[in-house]
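Please open the model in a viewer and keep the sequence panel visible. The tour below proceeds by selection, one region at a time.

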Amino acid sequence: MPGEELAVEEEFSPGDGTFCSNGVVRAAQAGKVFYDMINRRVNVIPFKRSGLMAMRTARIVTGVVVGMRDDVAFVEVFSVDDKEVGSRIDAVLPSSQVVERAGEPLTNYIRLGDLIRARPVNKSVPLVLTLKQKDLGVIYATCSNCGAVLLRQDNDHLRCQRCGQVERRKIGAYMVRRVGGQGS
Ligand SMILES: [Zn+2]
């Protein structure tokens, strides 16, 4: 953080993103501290994305599933602790952090294009996410058959109001509720 003491000048000379006063090298900007042992210089590398600062204390993130393989889903995080971040943060969701019964496909839990609420288990990019907690999971999804918005049917099924398709998900704090009296 700006003003933070990084070194004394006898040990490390001030490098990028730092300043020196009274023999003490301090950070001139927020970022990651890098001690260059070869040149005996200390540098502060600015965070590339504004969201990275928020990530330090992130408890819950919201993102969209942008890619899927058998063992991992790729997620772009656009909100950290319910605050939108400037640019999307790359995240991965390993199947081990989703699948509850061994051998089940990841697509029983999430699918491409779903919005998910997840908890980060690390603090660097790419974020590693988990859904293994109550209320974490899919919060918005569309029908893979016709594209209409899916409504919540029960604890782990969503139903399309247009074509009747039923799809399984790990459902979090789902945003679209079943319309009273409809569905099954
Ligand atoms: Zn449908």
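The stops run from the whole chain to two strand pairings and then to the nonpolar cores.

**The whole chain**

Begin with the complete protein, bearing in mind that this is a predicted model. Colour the chain by secondary structure: 1 helix and 15 strands are assigned. Next, orient the view along the principal axes, where the C-alpha atoms occupy a box of roughly 75 × 35 × 25 Å. The radius of gyration is 22 Å, whereas a compact globule of 184 residues would have a value near 16 Å. Of the 184 residues, 30% are buried. Among contacts between residues at least 6 apart in sequence, 47% link residues at least 24 apart.

**The hairpin of strands 5 and 6**

Select residues 31-36, which form strand 5, together with residues 41-46, which form strand 6. The two run antiparallel and are joined by 6 bridges. Within this pairing, display Tyr-35 and its bridge partner in strand 6, Val-42. Then move to the 4 residues between the strands of this hairpin. Arg-40 adopts a positive phi near 50° there.

**The sheet of strands 13, 14 and 15**

Select the three strands of an open sheet, whose order is 13-14-15 and whose pairing is antiparallel. Strand 13 (150-154) and strand 15 (166-168) each have a single partner strand and stand at the edges, so one side of each lacks a neighbour in the sheet. From one strand to the next, the twist averages 35°. Now restrict the selection to strand 14 (residues 157-160) and strand 15, which are connected by 3 bridges. Arg-159 has Val-166 of strand 15 as its bridge partner.

**The nonpolar cores**

Which residues have the most contacts inside the largest nonpolar core? Select Val-75, Val-77, Leu-93, Ile-110 and Ile-116; the core itself has 32 residues. Two or more of its residues come from each of strand 7 (61-68), strand 8 (72-80), strand 9 (83-94), strand 10 (115-120), strand 11 (127-130) and strand 14. Strand 14 therefore deserves a second look, since it contributes to this core and was seen above paired with strand 15.

Centre the view on Val-77 and show its surroundings. Beyond its neighbours within four places in sequence, its contacts include Val-61, Thr-62, Val-85, Ile-89 and Leu-127.

Finally, select Phe-12, Val-25, Val-42 and Val-44, which are among the 7 residues of a second, separate core. Val-42 is the residue already displayed as the bridge partner of Tyr-35.

Methods
Residues are numbered from 1 along each chain as its sequence is written. This is a predicted model: local features need pLDDT of at least 70, side-chain atom pairs count only at pLDDT 80 or more; totals for chains, interfaces and linings use all residues. The radius of gyration is taken over C-alpha atoms; the globule rule is 2.2 Å times the number of residues to the power 0.38. A residue is buried if 20 or more other C-beta atoms lie within 10 Å of its own, exposed if 12 or fewer, and partly exposed in between; C-beta atoms are placed from the backbone. Two residues are in contact if their C-beta atoms, placed from the backbone, lie within 7 Å. Two strands pair if DSSP finds at least two bridges between them. Axes are lines fitted to C-alpha atoms, for helices over the stretch in contact, and angles run from 0 to 180 degrees between N-to-C directions. A nonpolar core is a set of buried Ala, Val, Leu, Ile, Met, Phe, Trp, Tyr and Cys residues joined through C-beta atoms within 7 Å.
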